[in-house]
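Q: I'm new to this one and would like a close look at a single part. Please start with the small open sheet, then show me what else there is to see around the chain.

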Amino acid sequence: MFWADELLKNRKGKELINDAWTPSGMVHMGGVKGPVIHDVIYKVLKQKKTNVKYTFGFDDFDPIDGLPPNLQKSHQKYLGVPISIAPSPDGSGSFGDYFGDKMLKLFSELNIEAEIYKTSQEYKKGIYDKAIKFVLDNVDKIRKVYEEINQKKMFPTWFPFQVICPKCGKLGTTRVTAWDGKEVTFICEPQMVTWAKGCGTKGKMSPLGGNGKMPFKVEWAAKWWTYGVTIEGAGKDHASAGGTYDVARKICKDVFRKEPPLKLPYEHFLSGGKKMASSKGVGLSAEELLEVIPSQMVRFLMIKTKPNQAVEFSPKGTDLFPKLYDEYQKAERAYVEKSDDNLARAFELSQTDGIKVPISIRFTVLSQWVQMPNMEEVIKREGLENWAKYARVWVQKYAPDEEKFQIQKELPKKTDELSQKQKDFLGQLIKELKTETNPEEIQTIVYNLAKEMKLSSKDAFAAIYVAFIGKDHGPKAGWLLSSLEKEFIIKRLNEASK
Ligand SMILES: [Zn+2]
C-alpha cells in the first residue's frame with residue numbers, strides 16, 4: 001500500500017494539517033519536501049471525503065539570525081529584528097515577503113493547495129494571546145519539560161517569551177525575567193547572543209497583540225493547541241530524538257494537555273552523504289530542480305519513497321535524472337494498467353493539473369536528439385518540445401561526458417586510429433547513403449553493409465561515431481546521420497576513409 005494511504009487508513013473525523021517554514025533564505029530542493037508531503041496527505045484525505053484543511057505558516061516573526069554573503073553589509077543592522085519587520089533585499093516590502101513570495105511561486109507551480117498564514121500577523125491579531133498567557137502562567141511546567149529532555153536545570157527566571165525591544169526594534173536580543181499576570185519585565189541584552197547586539201533597555205510591557213513571541217518549540221505546541229492541528233510532520237533536523245519536534249510534542253501533551261498531531265518525521269535529501277543546504281552550496285535549489293524536471297516529477301521525486309527514507313541525490317555527472325524520467329514513465333504505465341499500487345499512486349498524486357500522460361520517448365534518446373542540429377524539426381513535429389527543454393538543461397548542466405557529443409566541424413584526430421577495414425567501410429557507405437535520408441533506412445543500410453563487408457556492427461558504428469563526433473560511441477547512427485547535411489556527410493566520409 002502507498003505510504004500515505006497506509007498512514008491514513010484508520011484516521012477518523014475532521015483533520016487539520018499544518019506545516020510551516022521560516023522565510024529567511026532561498027528554498028533548496030529539500031525545502032519543498034515538507035510542503036509536498038503534507039499536500040499529498042491533504043489530497044488523499046480529500047479523496048476519502050474527509051473534512052480536511054491544510055494550512056501553511058510563514059514563520060516571519062522569527063528574528064534574522066544569520067545572513068547570506070550578499071546581504072552581510074546591507075542587513076547587518078537587522079540581525080535580531082523579526083523577518084516581517086526588516087526590509088526586503090530588493091527594497092520593496094519586508095525581508096520575509098521577499099523570500100515568502102518565492103515559496104508562493106513554488107507552491108503554485110507544484111499545485112500545493114495550502115492556505116497560507118503569516119505568523120507575524122497571527123501574533124498581531126492576537127490569535128495566540130490565549131496561548132501566550134497560558135504558557136506564562138504555566139512557566140514551571142514548561143521549564144520541567146525542558147529539564148526532562150535536556151537533563152539540565154532551568155533558571156527560575158527563565159520565561160518562554162521574548163519581546164520586541166521598544167528602543168532598538170530587536171527581538172532576538174531580549175530576555176523576559178518576570179510575569180505579573182499582565183506585563184512581562186524584560187531587558188534588551190547587549191551580549192546574550194553572538195549574532196546580534198542588544199541596546200540595554202529595561203522595562204515592562206504586555207506580551208500580547210504582537211509585542212513579542214514565544215520561542216520556536218513552545219510556539220509550535222501553542223499553534224497545535226490554538227488551531228487544533230491533527231497532522232504535522234517534521235524534517236529530520238527537527239525530528240531527531242530530543243529535538244524540537246519531541247519538545248513541542250511533550251509541551252503539547254504535558255502543558256496544554258492536548259494530544260499532539262499525528263507523528264510523521266521525514267528524511268532529507270543527501271548530497272554525497274551530506275544534508276543539502278543552500279547556504280553551504282550543497283545540492284540544488286528548488287528553482288534549479290524545476291529547470292530540469294517538470295513540476296509533476298518534482299512531486300513524484302518527493303513522494304515516491306517513504307518519507308522516513310533518506311534519498312541520496314547527486315545528479316552531476318550521473319544518470320540520476322534520466323533514470324527518474326524512466327521511473328516516472330513506468331509509474332504512468334502502472335497507473336494505466338493498475339499494476340504496481342505504490343508507483344501508480346505516486347504517479348496519480350504527483351499530478352498538478354489533471355492526469356497528464358508523459359511523452360513516450362525515453363529521456364536518454366531525447367537528450368541525444370537535442371544534441372543533433374537537424375532534429376529540431378522532428379522534436380517539434382512529434383510534440384516533444386516540453387521535455388526537450390529539460391533535456392537541453394540536463395545535457396548542459398548534469399550529463400556525464402560520455403553522454404555529450406558534438407558534431408566535429410573538422411575531421412577528428414581519432415580517425416587515425418581506425419582500421420583499414422573500418423576506413424573501407426566508410427568509403428563504401430558514401431555510395432549507399434547518397435540518396436537515403438530516412439533514419440531507420442540508414443540504420444539498416446549500415447547493418448547490411450557491415451555484414452556484407454564482414455565487419456562487426458560494433459566496429460562499423462564506432463567508425464561512424466569516430467568520424468563525426470570523435471568518440472567511439474554515440475546516439476543511434478541512423479538518426480545522427482539523418483540529422484546532418486548530405487554534402488557534409490559525404491565530405492566527411494571521404495576524408496575519414498583516406
Ligand atoms: Zn534594544
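A: Strand β11 (residues 269–271) is joined to β12 by two bridges, and the two strands run antiparallel. Keep in mind that this is a predicted model. One pairing you can pick out by eye is S271, whose bridge partner in β12 is K274. Zoom out a little and you'll find an open sheet of three strands, in the order β12-β11-β13, with mixed pairing. Its edge strands are β12 (274–275) and β13 (311–312), each of which pairs on one side only.

Now for the wider layout. The chain splits into domain 1 (3–129 + 216–275), domain 2 (162–206) and domain 3 (407–496). Taken over C-alpha atoms, the centres of domain 1 and domain 2 are 26 Å apart. Where these two meet, eight residues from domain 1 and eight residues from domain 2 take part in the contact. On the domain 1 side, that breaks down into five nonpolar, two polar and one charged.

Then there's the inside. The largest nonpolar core has 88 residues, and V32, I41, V298 and A463 touch the most other members. Helix α20 (residues 457–469) supplies the largest share of this core, nine residues. Domain 1 and domain 3 both give residues to this core, so it lies between them. Take A463 as an example: setting aside neighbours within four places in sequence, A463 is in contact with L418, Q422, F425 and L426. There's also a second, separate core of 45 residues, with V135, A221, W224 and F256 among them.

Conventions:
Residues numbered from 1 in each chain as written. Predicted model: local features only at pLDDT ≥ 70, side-chain atom pairs only at ≥ 80, totals over all residues. Domains from an automatic or database assignment. Contact = placed C-beta atoms within 7 Å. Nonpolar A, V, L, I, M, F, W, Y, C, P; charged D, E, K, R; others polar. Core = buried A, V, L, I, M, F, W, Y, C linked by C-beta atoms within 7 Å. Buried ≥ 20, exposed ≤ 12 C-beta atoms within 10 Å, placed from the backbone. Helix = DSSP H or I, 4+ residues; strand = E, 2+ residues; numbered from the N terminus. Pairing = 2+ DSSP bridges.
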